[in-house]
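Trainee: I'm new to this one. Could you pick a single part and walk me through it closely?

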Amino acid sequence: MKHLLLIFLGGGLGSALRYLISGYLNSSETQFYLGTFVVNVLGCLLLGFLAGLALKENSISHEASLLLGVGFCGGFTTFSTFGVELFSLLREENYAMLFRYTAGSLVVGLLCVALGFWVSKNL
């Protein structure tokens with residue numbers, strides 16, 4: 001139960017911060033979503049840092065990893081997890097899977113967004 005509470009707390013804080021940053025930086029005057037971009041880049045930086053610490057023995061506790069990595073970064077952006085997974089494939093020199101996962105995630109994600117819009121319009 002303690003672990004779920006840590007994830008819940010971190011996720012709530014991450015989501016609230018994402019909302020504030022995106023609301024402040026996203027502008028209706030431009031088509032570039034600066035707030036979303038900044039959040040995704042910061043999330044990748046933070047989760048990469050946490051993943052690096054986790055590789056060092058005893059550098060970060062399991063509880064801190066749940067609060068900050070799973071909770072905060074998960075609430076802040078799931079793009080950060082995607083970035084870490086891509087980096088793992090790159091480190092393993094698994095270029096074929098790196099390409100398939102990247103292209104598949106982007107294409108299928110975009111198709112699912114389009115399908116969701118279509119379903120909502122045709123209910």
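Mentor: Sure, let's look at how two helices pack, and then glance at the core and one residue elsewhere. Keep in mind that this is a predicted model. In general, you describe two packed helices by the angle between their axes and the distance between those axes. Here the pair is α4, covering residues 79–91, and α5, covering residues 95–121. Their axes lie 8 Å apart and meet at an angle of about 160°. Anything over 145 degrees counts as roughly antiparallel, so that is the label for α4 and α5. As for handedness, the crossing of α4 and α5 is left-handed. Now for who touches whom: α4 brings F82, E85, L86, L89 and L90 to the contact, while α5 brings Y95, M97, L98, Y101, T102 and S105. Sort those residues by class and you get eight nonpolar, two polar and one charged.

Next, the core. The largest nonpolar core is made of seven residues, namely I21, V39, L47, L50, F72, C73 and F76. Helices α2 (34–55) and α3 (62–76) each put at least two residues into this core. Take F72, one of the core members: leaving aside residues up to four places away in sequence, F72 touches G10, G11, L13, G14, L17, L46 and L67.

Finally, have a look at L5, which sits in helix α1 (residues 2–25). L5 has a relative accessibility of 55%, so it counts as exposed. Its C-alpha atom is 9.6 Å from that of L66, although 61 residues separate L5 and L66 along the chain.

How values were computed: Residues are numbered from 1 along each chain as its sequence is written. This is a predicted model: local features need pLDDT of at least 70, side-chain atom pairs count only at pLDDT 80 or more; totals for chains, interfaces and linings use all residues. Side-chain values use heavy atoms; hydrogens and water are left out. Helices (H or I, at least four residues) and strands (E, at least two) are DSSP runs, numbered from the N terminus. Buried means under 20% relative accessible area, exposed over 50%, partly exposed in between (1.4 Å probe, protein chains only). Axes are lines fitted to C-alpha atoms, for helices over the stretch in contact, and angles run from 0 to 180 degrees between N-to-C directions. Angles under 35 degrees count as roughly parallel, over 145 as roughly antiparallel, 65 to 115 as roughly perpendicular and the rest as oblique. A crossing is left-handed if the near helix is turned anticlockwise from the far one by less than a right angle, and right-handed if clockwise. Contact means heavy atoms within 4.5 Å. Ala, Val, Leu, Ile, Met, Phe, Trp, Tyr, Cys and Pro count as nonpolar, Asp, Glu, Lys and Arg as charged, and the others, Gly among them, as polar. A nonpolar core is a set of buried Ala, Val, Leu, Ile, Met, Phe, Trp, Tyr and Cys residues joined through side-chain atoms within 4.5 Å.
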